[in-house]
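Colleague: I am new to this structure and would like a close look at a single part, the salt bridges. Please take me through them slowly, and then through what lies around them.

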Amino acid sequence: MSLALAATVGVLFAFGTFLLLRDDLVKVVWGLAILSQAANVYLISMGGITEPTGDTVPVLAEYYAPFPETADPVVQALVLTAIVISFGMTAFALALSYRAYQENETIDVTEWPQ
Amino acid sequence: MADLFVLALAIALPFLAAVFAPLLYRLLGETVGYVGAVVAAVCFALLLTQVGAEGTVSTPWIPSMDVAFRFTVDAFGLLFALLASGIGILIFAYAREYMHGKPDLGRFYMALLAFMGSILGVALAADLVALFLFWELTSVCSFVLIGYYTDDAESRYSARMAMVITVGGGLCLLVGILLIAVGAESVGLAPFDLAAILANRGAVADAMRAQGVFLPALALVAVAAAAKSAQVPLYVWLPGAMVAPTPVSAFLHSATMVKVGVYALGRLRPLFHGPEWMALVATLGMVTMTVGALLAVLATDIKELLAYSTASHLGLMVAAFGFESHYGAEAGAFHLFNHALFKATLFLVAGIVAHEAGTRAIDDLGGLREDLPITAGITVLAALSMAGIPPFNGFYSKEILFEAAWEAAVHGGGLLWLYPATAVFASVFTVLYSLRFLWLFFGPRPDGLGPVHRAPLGLLAPPAVLAVAVAAVSVVPGVAIDLLVDDAASATAVSHVEIHAGIPTSLSGPVVMSAITIAVGVAAFPFYDRIRASLERVRAATTLVHPTVGYDALLSATDRASGLVGRSVHNGLIRTYVWWVLLSACVLTVAGYATATTGLPTPAVAETPVALVLVLAVAVVAAVAVTTADSHVTGVLTLGILGFMVAIFYILASGADLALTQLVVETLLLLIFLLVLEELPAYYGEIDLLRAARDGALSVAVGATAFVSVLYAAPDGAGAPTPTASFFTNNAIPEGGGANIVNVILTDFRAFDTLGESIVIVLAALSVLVLLTMRDRGETQ
């Protein structure tokens, strides 16, 4: 299972990095977005993934111990935070790009005054 | 028994005073010099209460690594600490007068006080890490004090040179310490506990030999000591350090800081004791003793003469500690004591001469005994002691060094006879330059020398006190020896030590050596100028091998290299920074895996559910499509596909909340992207093939690193739940009152984190608002 995950994370990181290094500012923002997605998948894979069943979702149906063994709730909490933060970051990066375009009248970073 | 409170107070007090020095300077003006003297006196008194005590006290610092503030009291450490604080009293009192009217005295006294605290720390530390820390602190204080005249280019050059050499040596010490710690740990000791290491020195040395780190550690410690104590070829910073005000030269660069290296050699001597030690350290010391003495004869400035003479005498101490016999330990410890007394005196005298005659050039000075009679008397005592003329204290310790060299030659024979020969050769020049210094007072008065004023009491009293100490040790050496020096020498020796100081009564090899030294030195003195001229010719012929040349070449090469690296790595384009940062991160990560693990893990491929593979494959295809999209809109839409695929992946990974959040966020982002893109031009960067290839290579490296990281870190299938996960599962309902564990973590157990997250989102929203709507409110004007 982890081989498929590892391959996906690796490919996403590679494309995200490539986009991050482009001259087109919109592509740089895309790169950021892909890198966040890849990091989230990476984090989830740290918890270990099994076939989903009613019990593996970390929402407890039984209110009394012993509780069933669920998917790792810690990584899910981390990723939930990360999704929201990366949303804020991407939105901010977009606004910044727009403002940069207003100031410099181009979204090609190589044409900006140094 | 040693008292932790007293020791900690003695070390902390100067640092505390240093913190308040600038404030006190504002309140009291130049009188703050006397405050420094009082602090030094209190430290001195505190340390005096520990005389006769033995033992180690400690308080934890980094318990997980067995690093502690351990302080040990023994005669050797106390001798050094008492010298530093005792001479410190006189230096502060002298500085009050000498530094009259100079700028920035708050900073000056701050550095001087901090230096005194550091040196006490070095002397008393029984933990290798603490020792290193205090050692480096003395270098930093020395840097600040040498660079006291910040507007003067020479001052800055010398300060930097001292910093580069002594701190570079400090790094060697750090590595040496780690190697010693390796040895200590393998015999079950706390790795940095110097007192325990010395107590079990045989076992530690054997363990270090077995692991092959004994010789490297020995060499590194020797290099560190050579850098700090101005040994060949690292002595070049010491003459440069003479640009500092004279109290600094007397305190740091003759009596204390430069002895830190010698002190460390004495401390570690029992651990490294053996033939390799003698071959390296004794030879190093002997060469320095000779080179320093020759350069001192060549000097044209009185402080330069004293600086080279200091290097030469440091060489004497290093050589002494290098010899294997018990005479070595005796000569090293005793000369450490004697040299501090007479050399600090001579530096203070040099300060008086420069202050009152207005020049430091040796050829412009002479006949000062009529103008400065008391100073002349002081100089007679100190200079004859430096020359090693009986019955002065410098003679006693030098005589023991001759015995050590003689003993080594008699035992080893052959080439080892070079030791006594070199010792005599160097000492002849010592006699020569000592007499030359004395000649400033008793030689003819040059015509060009203007009026010379009497020295004020504030300048005269400190060297007078030191001269009285020189005289006292000369007349009754037994008192100082019985009180401290004998025990101090024992701490550096592996066999029984008993120092005999006195006028020799029977003829022996070392006595003959002394006789030759003095006779030749005195006989050659009338030809001083001719000797100097021929030495000058030798120096002129060998400028290429002068260490300053090497230092300058090294520095300018480093400068050029860093300029080149700077231009390629730090070229002002953020893209370039990202490129290098990511590459370094990958290299470090992979190197970490390579050293910590053996081979790649082999995951079970067959168990992967088809649905998961499909979803991940679509996500990958989407990522490819984003990268190759031929318009912004296509790119954003395919980015949306990637996001939704990740949402489905969350469902397959049992993350219901994650999937919901991801769906909302992706929808919102898609909208925002489309809204913004409408305002942006349809620029589409042309691909430069070379750059694409370079970025592609980095991308592959990053991807490969991420791939390997997941393989190493992710469990294949569900492992046993971590203790943290079990804790949250079991406590969600009883403690948090909610069945959705993820929600309970976010809103209850880690609520403050969530608060922080909300603040981030609010800040992002505010920033977006500011960026988009407040453009015309002032910033663009």
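Modeller: What follows begins with the conventions, then turns to the salt bridges and afterwards to other parts of the two chains.

This is a predicted model, in which local features need pLDDT of at least 70 and side-chain atom pairs count only at pLDDT 80 or more, while totals for chains, interfaces and linings use all residues. Residues are numbered from 1 along each chain as its sequence is written, chains are lettered from A and ligands numbered from 1 in the order in which they are written, and side-chain values use heavy atoms, with hydrogens and water left out.

Side chains of opposite charge can pair when their charged atoms come close. A salt bridge here is a side-chain nitrogen of Lys or Arg within 4 Å of a carboxyl oxygen of Asp or Glu, and by this rule there are 17 over all chains. One of them joins B:D695 to A:R22, with the closest N and O atoms 2.4 Å apart. This pair crosses between chains, since B:D695 belongs to helix α28 (residues 689–713) of chain B, whereas A:R22 sits in the loop between α1 (2–20) and α2 (25–46) of chain A; helices are DSSP runs of H or I with at least four residues, strands are runs of E with at least two, and both are numbered from the N terminus. Both B:D695 and A:R22 are buried, a word that stands for under 20% relative accessible area, with exposed meaning over 50% and partly exposed in between (1.4 Å probe, protein chains only).

B:D695 also forms a salt bridge with B:R691, where the closest N and O atoms are 3.9 Å apart. Because B:R691 and B:D695 are 4 residues apart in helix α28 of chain B, about one helical turn separates them, and both of these residues are buried. The salt bridges link A:R22, A:D23, B:R575, B:R691 and B:D695 in a network.

Another salt bridge brings together the side chains of B:E536 and B:R539, at 3.5 Å from N to O. These two residues are 3 apart in helix α22 (residues 528–541) of chain B, so they are separated by about one helical turn. B:E536 is partly exposed, with a relative accessible area of 34%, and B:R539 is likewise partly exposed, at 25%.

A further charged residue to look at is B:D301, which lies in the loop between α13 (275–298) and α14 (302–322) of chain B. Its relative accessible area is 18%, so B:D301 is buried. A polar atom of the B:D301 side chain lies 2.7 Å from the backbone nitrogen of B:K303. Leaving aside residues up to four places away in sequence, B:D301 touches B:R360 and B:I362, where contact means heavy atoms within 4.5 Å.

In chain A, helix α3 (residues 73–104) has 32 residues and reaches 46 Å from its first C-alpha to its last, close to the 46 Å expected at 1.5 Å a residue; the expected span is 1.5 Å times one less than the number of residues. At the start of α3(A), a side-chain oxygen of A:D72 reaches to within 2.9 Å of the backbone nitrogen of A:V74. Just after α3(A), A:E105 takes a positive phi of about 60 degrees.

Methods
Polar contact = N/O pair within 3.5 Å; in protein donor to acceptor, adjacent residues only side chain to side chain.
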